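Biologist: I am new to this structure and would like a close look at one part of it, the lining of the largest pocket. Which classes of residue make up that lining, and what can be said about the other spaces in the model?

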Amino acid sequence: MSLLSDLVNLNLSDTTKQIIAEYIWIGGSGMDIRSKARTLPGPVTDPSKLPKWNYDGSSTDQASGDDSEVILYPQAIFRDPFRRGNNILVMCDAYTPAGNPIPTNKRHNAAKIFSDSKVASEEPWYGIEQEYTLMQKDVNWPIGWPVGGFPGPQGPYYCGVGADKAIGRDIVDAHYKACLYAGISISGVNGEVMPGQWEFQVGPVEGISAGDQVWIARFLLERITEISGVNVSFDPKPVPGDWNGAGAHCNYSTKTMRNDGGLAVIKKAIEKLQVKHKQHIAAYGEGNERRLTGKHETADINTFSWGVANRGASVRVGRDTEKEGKGYFEDRRPASNMDPYVVTSMIAETTILG
């Protein structure tokens, strides 16, 4: 194994100028992350300088077998924490050979919204709190839980310390550092209320980059859990019953919200979100009705509410924002399996263009 490890960790820059680029895209389910690697003649820092590539869309449920070619367009570059050196991770979106976005390409529409002059002038910032659950590989059950049984009730696990409370911290810390190495604006991590459940935060990040960074952070987490021999679940309610679900709360602000008098702008934005509550819920993740029950720090899925410091509301305004009269708000409705391209652009479209 030591020889294999040595080969995996070879520093290519000692012998060649060539680099490895890992092209990453989203598969047909909307949550399956796919990737493949190619050799490039030298370092690249501008995604527009990268070649397009193709893949078999019939094997990802994104094309038919008789017309299976799908084209990858490189959109964002990150440093590769696995291969290191000048090797890169490339976030891509997918198009037909004719240049049209395929139906599962949610980035394309999001980029159109963020490139709107009115949206761009508002410089929308996002901070996304991605919750997830670490699962035993061979059974659909959280790590550290007895198979078919349960740990002690919730209470000691949130931000807990100790082998019986912080289950999987080595994976979490490895992921944290990998994100920083890659160039992701990861701002923190913490243990969550249910044992085996964790959260990382990405942001503040402006516009389309928020979606790119969350997807690459998810890719890194999938790869690290792959190495560790556990699975990661983004299911919004991985364990039924009296256990917290998993969300992806979206903190949001615009330039006018961050300026003096911004609280009034925030309240108007929340009113717009209330009017389109059903449309947002429909786009905020599959299975969210199992999570948004009005219990376990959630609002009921059918009722929109907001409040200051209220974690049982659909939208929460922080005490600091209320005190300073400007700042940001938190949309607590998105599920852990939401598409960040869809959620971030939809919030901007509703609050700025609506």
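Modeller: By class, the lining of the largest pocket has 8 nonpolar, 12 polar and 11 charged residues, in what is a predicted model. The pocket has a volume of about 550 Å³, and of the 31 residues that line it, the closest to its centre are Glu129, Glu199, His249, Asn251 and Glu330. Strand E6 (125–136), strand E8 (197–206) and strand E10 (248–253) are the elements that give two or more residues to this lining, and the largest share, 5 residues, comes from E6.

The second largest pocket, with a volume of about 360 Å³, is lined by 13 residues, and those nearest its centre are Asn9, Pro81, Phe82, Arg84 and Ile227. Here the elements that give two or more residues are helices, namely H4 (169–182) and H5, and H4 gives the most, with 4 residues. By class, this second lining divides into 8 nonpolar, 1 polar and 4 charged residues.

Helix H5 (residues 208–228) can be followed from this pocket to another helix, H10 (residues 340–353), since the axes of H5 and H10 come within 8 Å and cross at roughly 160°. An angle over 145 degrees counts as roughly antiparallel, and H5 and H10 are therefore roughly antiparallel to each other, with H5 passing H10 in a right-handed crossing. On the side of H5, the residues that meet H10 are Ile208, Ala210, Gly211, Asp212, Val214, Trp215 and Arg218, while H10 contributes Pro340, Tyr341 and Thr344. By class, this contact has 6 nonpolar, 2 polar and 2 charged residues.

Apart from the pockets, the structure holds 2 cavities of 30 Å³ or more. About 90 Å³ of space lies in the largest cavity, which is lined by 13 residues, with Ile26, Cys92, Asp93, Thr104 and Asn105 nearest its centre. Strand E1 (19–26), strand E5 (88–95) and helix H2 (106–115) each supply at least two residues of the lining of this cavity, and E5 gives the most, with 3 residues. The lining of the largest cavity has 6 nonpolar, 3 polar and 4 charged residues.

The second largest cavity holds about 30 Å³ of space, and the residues that line it include Tyr157, Lys165, Glu192, Met194 and Trp198. Its lining divides into 6 nonpolar, 3 polar and 2 charged residues.

Terms used:
Residues numbered from 1 in each chain as written. Predicted model: local features only at pLDDT ≥ 70, side-chain atom pairs only at ≥ 80, totals over all residues. Heavy atoms only, no water. Axes fitted to C-alpha atoms, helices over the stretch in contact; angles between N-to-C directions. Parallel < 35°, antiparallel > 145°, perpendicular 65-115°, else oblique. Left-handed = near helix turned anticlockwise from the far one by under 90°. Contact = heavy atoms within 4.5 Å. Nonpolar A, V, L, I, M, F, W, Y, C, P; charged D, E, K, R; others polar. 1 Å grid on protein atoms, 1.4 Å probe; cavity = no way out; pocket = protein on both sides within 12 Å on 5 of 7 lines; lining within 4 Å. Points joined across faces, edges and corners; volume = space filled by probe spheres on them.
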